[in-house]
Structures are given as structure tokens and as C-alpha cells.
Amino acid sequence: MGAAGIPVGFFRAHVTLKDLTLAQKMQRWQNVKLTARIMANPMATFAAAGFAFAAADCSMKNYLGREDTLTGIMGGAAVGAVLGLKTNSGVNAIKYGALVAGAMIVTDFLTKVVPALTSDLKPSGPIELHNKPAAASH
């Protein structure tokens, strides 16, 4: 449904822009460029953090030969370091790295414990009625 919004948005923009003067169109273009500049910095940070996580996580999996809690910790520490270095502070990089690594420990713990605790629960769905077979009439 979200993909349908793209052509609809282009059509609405085309219809709206037809009726505008050149000065109004130029003002809208300036607004688009300003929005793009505002969005570029957080997008680059998110991309760098994702790359750092993937690189650290995959490197640890390759080095250890397995996927365990340590791979997530190293990936989380890399993400925290990227976010901390964004503030131009090595101390913040260590703090954020420890914080995100801790979050990865909690996440790993929960993904292992919750399924074990809930394994006896029935998934939601329609109630199953166990009908007794009708007595055979002779």
C-alpha cells in the first residue's frame, strides 16, 4: 500500500505545480533542497552505524566460527562507537559502545529465555472444540 503512495504523490505534485508561478516553484525547490540537507546527516549516521554493526558482527562470526552472544556484543559496541564518535569524544564512544553492547546482551538473553518460558503456551487462534464421536446407533 505504501508503494502506491509514490505515483499518487507524483501526480498530486504535478497537478499542484501546474498552477504555480515560477517564483512559487523555485521556493518549493529550495524547500526540497533544504529538507534533503537536513535529512542527509542522520541518514549518513544511520548508514555508518549499520555498516559498523554488520562489519563487526560478520567479522566475529567468521573469526569464531559460530554465532553467539559475543558477536552481538561486538556489533553493538561498534554501533555505540560510531554514535559516540559523532560527538567528537572518545569517552562518549566508549560509553555509547558499552550501552549498546549491554542492550545486545539483554536482547540475546531474551531471545533465548522467552521461547523456553513460553514453549508450553498455545499460539492464539480459534478455540478447538473436541467433539466426542456420536454414539453409533444400531
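## Close-up views of a predicted model

**View 1. Leu99 is exposed, with a relative accessible area of 60%.** Exposed means over 50% relative accessible area, buried means under 20%, and partly exposed lies in between (1.4 Å probe, protein chains only). Leu99 sits in helix α4. Helices are DSSP runs of H or I with at least four residues, numbered from the N terminus. Ala81 is 18 residues away from Leu99 in sequence. In space, the two are 9.9 Å apart, C-alpha to C-alpha.

This is a predicted model, in which local features need pLDDT of at least 70, side-chain atom pairs count only at pLDDT 80 or more, and totals for chains, interfaces and linings use all residues. Residues are numbered from 1 along each chain as its sequence is written, and side-chain values use heavy atoms, with hydrogens and water left out.

**View 2. Ser89 lies in the loop between α3 (69-85) and α4 (90-117).** Is Ser89 buried or exposed? Ser89 is buried, because its relative accessible area is 19%. Its side chain makes polar contacts, meaning pairs of N or O atoms within 3.5 Å; within protein, one atom must be able to donate a hydrogen and the other to accept it, and residues adjacent in sequence count only if both atoms are side-chain atoms. The Ser89 side chain reaches the backbone nitrogen of Val91 at 3.4 Å. It also reaches the backbone nitrogen of Asn92, at 3.2 Å.

**View 3. Helix α2 is kinked by about 30° at Ala40.** The kink lies shortly before the proline Pro42. A bend at a residue is the angle between axes fitted to the seven residues ending there and the seven starting there. How many residues does α2 have? The helix has 43 residues and reaches 61 Å from its first C-alpha to its last. That is close to the 63 Å expected at 1.5 Å a residue. The expected span is 1.5 Å times one less than the number of residues. Just after α2, Gly65 takes a positive phi of about 80°.

**View 4. Buried residues of α2 are covered in part by α3.** The buried residues of α2 include Thr45, Ala49, Ala52 and Ala56. Asp57 and Met60 are buried as well.

**View 5. Lys61 and Asp57 meet in a salt bridge within helix α2 (residues 22-64).** A salt bridge is a side-chain nitrogen of Lys or Arg within 4 Å of a carboxyl oxygen of Asp or Glu. The structure holds four of them. Here the N to O distance is 3.2 Å. Lys61 and Asp57 are four residues apart, about one turn of the helix. An α-helix has 3.6 residues a turn, so residues three or four places apart point the same way. Lys61 counts as partly exposed, because its relative accessibility is 27%. Asp57 is buried, at 9%.

**View 6. Arg66 forms a salt bridge with Asp68.** The closest N and O atoms are 3.0 Å apart. Arg66 is partly exposed, with a relative accessible area of 45%. Asp68 counts as partly exposed too, at 22%.

**View 7. Asp108 and Lys112 are joined by a salt bridge in helix α4.** The N to O distance is 3.0 Å. The partners are four residues apart, about one turn of the helix. Asp108 counts as buried, because its relative accessibility is 18%. Elsewhere, salt bridges that share partners join Asp57, Lys61 and Glu67 into one network.

Key. Helices (H or I, at least four residues) and strands (E, at least two) are DSSP runs, numbered from the N terminus. Contact means heavy atoms within 4.5 Å.
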